[in-house]
Amino acid sequence: MDKLDEVDISRIILCTYHERLLDRLASDVVIVGAGPSGLVAAFFLAKSGIKVTVLEKRLSPGGGIWGGGMAMNVAVVQDEVVPLLEEFGIRCQLMRNGLHAVDSIELAAVLCGKVLQAGASVLNLMTVEDLCLHHDRVTGVVVNRSGVFPSLPVDPIMFSAKAVVDATGHEAVLVQSLRKRRLLSPHTVSEVGEGPMNATEGESFVVDRAAEVFPGLWVSGMSVSAAFGGPRMGPIFGGMLLSGKRIAQSIATQLGPSPSSE
Ligand code: 48F
């Protein structure tokens with residue numbers, strides 16, 4: 001092997017990353033949170049030619065998938081989710097009463113790979129602090145490096161988008177950011193957050209209610225329950241995946257065909 005130049009290695013990282021970052025300062029869609037709902041949404045949006053950027057605060061994208069239930073790396077899904085898993089090439093095993101077991105690590109790893117191959121960009125260690133608002137419309141997100149925010153007094157930067165998705169799970173960070181400023185109508189959005197566990201109702205709830213909650217801001221996955229006061233549903237992942245697909249279809253319809261290429 002030829003002598004390796006350490007500065008060259010560092011230069012490649014810097015140049016490649018900064019080129020990617022520059023390109024992603026303006027996207028059609030920014031998805032905040034790379035859990036199951038955010039990743040599935042990113043996949044379907046990217047597949048339809050939409051420029052989509054996923055911002056994830058942790059080192060590893062995948063959100064709650066890795067831990068399965070109580071740190072046992074098995075994810076459970078329902079019958080109706082099997083065609084979606086097949087589309088991704090993710091294996092599952094029918095266990096009982098229409099419930100299937102999926103290896104959490106396969107689920108997270110394959111989703112991440114497919115999202116990137118579909119053309120979405122995933123930037124990890126990015127903590128979204130807040131939203132940008134212009135003329136009563138969400139126009140982007142305020143982002144800092146994870147580890148920097150909130151412990152150091154360092155200003156964030158902005159990423160703009162025509163649509164922003166709050167896929168931050170139970171935290172519903174962006175919904176809370178609007179709620180604390182009383183920008184969300186108390187009649188449409190619950191002040192109390194998630195209700196107690198009810199898997200049947202909760203799973204349908206996150207799919208049926210995945211929607212735009214404020215001009216330019218959409219919710220998917222557990223953020224839907226947190227936003228509208230739906231039940232939490234425990235360690236079952238079908239609703240999360242279907243919720244991501246639904247939000248992608250709704251956003252794609254609103255944005256129209258391949259907006260970036262116009
Ligand atoms: O929590 P998470 O997996 O959300 P989800 O897609 O799925 C929920 C299930 O995992 C599980 C469940 C099953 O029924 O209830 O909880 O709704 O993924 C949310 C992702 O958002 C990231 C977080 O690290 C995780 O990967 N996230 C949270 N806050 C921020 C963020 C933030 N401020 N900035 C960037 N990413």
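The dialogue below works through a predicted model and asks what lies behind the terms used for its sheets, crossover and core.

Student: What makes β3, β5 and β4 an open sheet with edges?

Tutor: The three strands stand in the order β3-β5-β4 with antiparallel pairing. β3 (74-78) and β4 (93-96) each have a single partner strand, so one side of each is left without a neighbour in the sheet, and that is what makes them edges. Neighbouring strands here are turned by 40 degrees against each other on average, direction ignored.

Student: How do you know that β3 and β5 are paired?

Tutor: Pairing requires at least two bridges between the strands, and five bridges join β3 to β5 (residues 99-103), so the criterion is met. Within this antiparallel pair, valine 76 has alanine 101 of β5 as its bridge partner. Helix α4 (residues 104-117) packs on the sheet, where it touches β3 and β5, and its direction makes about 70 degrees with that of β5.

Student: What makes β2 a partner of both β1 and β6?

Tutor: The same test of at least two bridges applies. Four bridges join β1 (residues 26-32) to β2, and three join β2 to β6 (residues 121-123), so both pairs qualify. The strands run parallel in the first pair and also in the second. Threonine 53 takes part in both, being the bridge partner of valine 30 and, on the β6 side, having serine 121 as its partner.

Student: Why is the crossover from β1 to β2 called right-handed?

Tutor: The chain crosses from β1 through α2 to β2. With the strands pointing away from the viewer, a clockwise path over the helix earns that name, and this β-α-β crossover is right-handed in that sense.

Student: Which way do the side chains of β2 point, and are they buried or exposed?

Tutor: Val52 and Val54 point one way from β2 (residues 52-55), whereas Thr53 and Leu55 point the other way. All four residues count as buried, which means under 20% relative accessible area. In a regular strand the side chains alternate between the two faces of the sheet.

Student: Which residues have the most contacts inside the largest nonpolar core?

Tutor: That core has 76 residues, and Val29, Ile31 and Val141 have the most contacts inside it. Its largest share, eight residues, comes from helix α2 (residues 36-47).

Student: What does valine 141 touch?

Tutor: Leaving aside residues up to four places away in sequence, valine 141 touches, among others, Val30, Val32, Leu55, Phe159 and Leu174. Leu174 is one of the buried residues of helix α5 (residues 173-180).

Note on methods
Residues are numbered from 1 along each chain as its sequence is written. This is a predicted model: local features need pLDDT of at least 70, side-chain atom pairs count only at pLDDT 80 or more; totals for chains, interfaces and linings use all residues. Side-chain values use heavy atoms; hydrogens and water are left out. A nonpolar core is a set of buried Ala, Val, Leu, Ile, Met, Phe, Trp, Tyr and Cys residues joined through side-chain atoms within 4.5 Å. Buried means under 20% relative accessible area, exposed over 50%, partly exposed in between (1.4 Å probe, protein chains only). Helices (H or I, at least four residues) and strands (E, at least two) are DSSP runs, numbered from the N terminus. Contact means heavy atoms within 4.5 Å. Axes are lines fitted to C-alpha atoms, for helices over the stretch in contact, and angles run from 0 to 180 degrees between N-to-C directions.
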